[in-house]
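Please open the model in a viewer and keep the sequence panel visible. The tour proceeds by selection, one element at a time.

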Amino acid sequence: MTPPDRSSALASVPASGNRRAIPMPAHLKFFYGPMDCGKSTLALQIDHNQARQGRRGLVLTRYDRSGGPTISTRVGLSHDAIEVTDELDMCRLVRERWAAGQRVDYLIIDEAGFLNPEHVEQLAELVDEWHVDVYCFGLATDFRSQLLPGAKRLIELADEISAIQVEVLCWCGRPGQQNARVVEDRVVREGDTVLVADTGGAAEVRYQVLCRAHYRSGDLGRRVSADQLTLD
Ligand SMILES: [Zn+2]
């Protein structure tokens with residue numbers, strides 16, 4: 001096979017991943033998993049990998065656990081992010097950046113389970129019409145074990161849906177799938193969907209990942225403190 005004439009080809013090759021110069025099929029991907037499975041860490045890793053290939057993207061989040069517009073991870077990484085509000089139009093956001101001369105090849109969206117369905121429609125438009133890759137990360141279900149609105153629409157529309165492969169274990173050792181909300185050591189199954197953990201508050205509300213059987217029975221096991229984990 002004769003190699004192509006590289007000298008003339010190189011001059012017209014756009015920067016790596018510049019989908020606006022050579023439109024290629026873009027993708028809408030949704031990575032989901034229970035709390036603490038490393039979704040935010042994976043989000044930042046993908047951003048890093050893309051950026052290393054010369055691509056440029058925006059990082060967004062909704063209700064991050066730090067309470068501010070950053071993606072913070074439980075392993076200590078963090079990244080400034082754009083807060084997704086109800087009013088935010090994803091398409092307009094990207095087009096405004098383009099108008100300002102900024103490249104946007106992809107979006108990374110953390111806590112995507114909490115997106116409104118309309119946000120997901122806008123993401124689909126960005127992928128199909130504007131060739132922007134979109135990587136979404138989030139919970140699939142809420143503390144009632146029901147699909148979150150953003151997750152539901154992503155499952156309906158995404159090109160690819162992946163369960164994050166890092167297993168989070170229930171106290172019994174089985175894989176945890178359910179994000180239980182716990183108030184005064186009892187599993188609660190009613191209330192507002194959005195009640196972000198780690199921000200402090202009057203009543204002690206915490207979340208615990210349980211297997212389905214223990215979510216159903218409400219058995220939280222013996223509560224182990226961090227001290228006991230290291231000293232026992
Ligand atoms: Zn269990």
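The stops below go from the whole chain to a central strand pairing, a core and a helix.

**Before selecting.** This is a predicted model, in which local features need pLDDT of at least 70 and side-chain atom pairs count only at pLDDT 80 or more, while totals for chains, interfaces and linings use all residues. Residues are numbered from 1 along each chain as its sequence is written.

**The whole protein.** Display the cartoon: the protein has seven helices and eleven strands. These are DSSP runs numbered from the N terminus (helices H or I, at least four residues; strands E, at least two). Of the 232 residues, 31% are buried, meaning that 20 or more other C-beta atoms, placed from the backbone, lie within 10 Å of the residue's own.

**Strand E6.** Select residues 106-110. Five of the five residues of E6 are buried, so the strand is largely enclosed by the rest of the structure. Tyr106, Ile108 and Asp110 occupy one side, and Leu107 and Ile109 the other.

**The neighbours of E6.** Add E2 (57-61). E2 runs parallel to E6 and is joined to it by five bridges; strands count as paired if DSSP finds at least two bridges between them. Leucine 58 has leucine 107 of E6 as its bridge partner. Next add E7 (133-138), which is parallel to E6 and joined to it by four bridges. Here isoleucine 109 stands opposite cysteine 136. The chain passes from E6 through H4 to E7 in a right-handed β-α-β crossover: with the strands pointing away from the viewer, the path from the first strand over the helix to the second runs clockwise.

**The largest core.** Select Ile108, Ile109, Val132, Val134, Cys136 and Phe137, which have the most contacts inside the largest nonpolar core, a set of 37 residues. Such a core consists of buried Ala, Val, Leu, Ile, Met, Phe, Trp, Tyr and Cys residues joined through C-beta atoms within 7 Å. Which residues does cysteine 136 touch, not counting those up to four places away in sequence? They are Lys29, Phe30, Phe31, Ile109, Ala112 and Leu154, a contact being C-beta atoms, placed from the backbone, within 7 Å.

**Helix H5.** Finally, select residues 149-157, where Gly150, Ala151, Arg153 and Leu154 are buried. They lie on the same side of H5, because they cover an arc of only 165 degrees around the axis, taken from the directions from the helix axis to the C-beta atoms. Their cover includes E1 (28-32), H4 (117-130) and E7.

Notes. Buried ≥ 20, exposed ≤ 12 C-beta atoms within 10 Å, placed from the backbone. Contact = placed C-beta atoms within 7 Å.
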